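This note is meant for a colleague who is looking at this structure without earlier acquaintance. The points below are best read with the sequence and the 3D view side by side.

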Amino acid sequence: MNRRTKTAVLGAALLLTATAAASATASDAPPAREAAALTGTAKLYRSAGDDITFTFDAHLAAEDTADPSKATGSFEFSHYLNGEGARAKARVDCLVTGGKVAVVSGVITESDLPGAKGRRVGVTVHDLGEHDRLGYSWAATKDLGPRNLPKCVSSAPFEKVAEGTGDFTVVPWNPAL
C-alpha cells in the first residue's frame, strides 16, 4: 500500500470511528430532565382513623418549562371513615414546584361525590422524606371550595402524612427568570 492509500484508509477509519462514537453518544444520552414533577402516594394521619389517601403522577415536560399550565398527568384522592366517603380523580392542568414543595391543580374527571365532576381543585405537597406534608384548596372552605378556583392554587401543606406512607417525589422547577 502506498502512502496516499494508507492516508486515505486511515482518514476513512477515523471518520467512521468518530461517526460511530457520536451516534452511540447521542443514542446513549439520558433523556432531557423534565421541567417539574410530582409523584407518589401517601395516607394522611388522622387520630379518628379516617382513611385519606392522595396519589400523584404529574409532569411538566422540559420543552414546556415556561408554561406550567402545560403540565400533564393525574392525581387521585379519597376520604373514607366507617365505610362512608368518596374518591375523585383529576386531570392535571398546572404544576409549579420550588425546592421540595409542589402545587398541582386539576379538573375532576371521575368521582362518586355528587357535584365534584368538572370542579378544579389544588393540592400542595412538601416532600420532607419520611415526614411529608400536604394541603389542599378546600382546606378552609365547604365542600371542594370555590367553583372558579384558578390554576395552581392550593393551601399550605398543613396535614401530616401517616408514618411509613409518604413517598412523594418533587422535581424542582427551574424556569428562566
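1. Which residue in β7 does Val 125 stand opposite? The residue opposite Val 125 is Leu 134, and this pair is a convenient place to begin, with the reminder that what is shown is a predicted model. The strands concerned, β6 and β7, pair in the antiparallel sense over four bridges. Six residues lie between the strands in this hairpin, and there Gly 129 takes a positive phi near 80 degrees.

2. Leu 134 can also be followed towards another strand, since its bridge partner in β8 is Glu 159. The pairing of β7 and β8 is again antiparallel, and it runs over two bridges. Leu 134 is also one of the residues that touch the most other members of the largest nonpolar core, a point taken up again below.

3. Stepping back to the whole chain, one finds one helix and nine strands, and, read along the sequence, the pattern is α-β-β-β-β-β-β-β-β-β. The nine strands form an open sheet in the order β8-β7-β6-β5-β4-β3-β2-β1-β9, with antiparallel pairing. Because β8 (159–160) and β9 (169–171) each have a single partner strand, they stand at the edges, and one side of each is left without a neighbour in the sheet. As general background, the strands of a sheet pair through backbone hydrogen bonds, in either a parallel or an antiparallel manner.

4. Of the 177 residues in the chain, 34% are buried. Among the contacts with a separation of 6 or more, 53% join residues that are 24 or more positions apart.

5. The largest nonpolar core has 32 residues, and those touching the most other members are Leu 38, Phe 54, Phe 56, Phe 75, Val 104 and Leu 134. Two or more residues of this core come from each of β1 (36–43), β2 (51–60), β3 (72–81), β4 (84–98), β5 (101–111), β6 (120–126) and β7 (133–136). The strand that gives the most is β2, with five residues. In soluble globular proteins generally, nonpolar side chains tend to be buried together.

6. Phe 54 deserves a separate look, as its contacts, leaving out residues up to four places away in sequence, include Gly 40, Thr 41, Phe 77, Val 123, Leu 134, Trp 138 and Phe 168. Gly 40, which is found in strand β1, has a C-alpha atom separated by 8.2 Å from that of Phe 54, a residue 14 places away along the chain. Is Gly 40 buried or exposed? With a relative accessibility of 13%, Gly 40 counts as buried, because the cut-off for that class is under 20%. Under the same exclusion of sequence neighbours, Gly 40 touches Phe 54, Thr 55, Phe 56, Asp 167 and Phe 168.

7. β3 and β4 pair in the antiparallel sense over eight bridges, and within this pairing Ser 78 stands opposite Arg 87 in β4. The loop between these two strands holds Asn 82, whose phi is near 55 degrees, a positive value in a residue other than glycine. Asn 82 is exposed, with a relative accessible area of 72%.

8. Asp 143, in the loop between β7 and β8, likewise has a positive phi, of about 55 degrees, although it is not a glycine. At 67% relative accessibility, Asp 143 counts as exposed.

9. Pro 68, by contrast, is a loop residue, placed between β2 and β3, that counts as buried at 16% relative accessibility. Apart from neighbours within four places in sequence, Pro 68 is in contact with Leu 60, Asp 93, Cys 94, Leu 95, Val 96 and Trp 173. The C-alpha atoms of Pro 68 and Pro 175 are separated by 9.6 Å, although these residues are 107 places apart along the chain.

10. Which residues lie nearest the centre of the largest pocket? They are Phe 77, Ser 78, His 79, Ala 86 and Trp 138, out of a lining of 22 residues. The space in this pocket is about 320 Å³. At least two lining residues are supplied by each of β2, β3, β4 and β5, and by class the lining has 14 nonpolar, four polar and four charged residues.

Key. Residues numbered from 1 in each chain as written. Predicted model: local features only at pLDDT ≥ 70, side-chain atom pairs only at ≥ 80, totals over all residues. Heavy atoms only, no water. Core = buried A, V, L, I, M, F, W, Y, C linked by side-chain atoms within 4.5 Å. Buried < 20%, exposed > 50% of the residue type's maximum accessible area, 1.4 Å probe, protein only. Contact = heavy atoms within 4.5 Å. Pairing = 2+ DSSP bridges. 1 Å grid on protein atoms, 1.4 Å probe; cavity = no way out; pocket = protein on both sides within 12 Å on 5 of 7 lines; lining within 4 Å. Points joined across faces, edges and corners; volume = space filled by probe spheres on them. Nonpolar A, V, L, I, M, F, W, Y, C, P; charged D, E, K, R; others polar.
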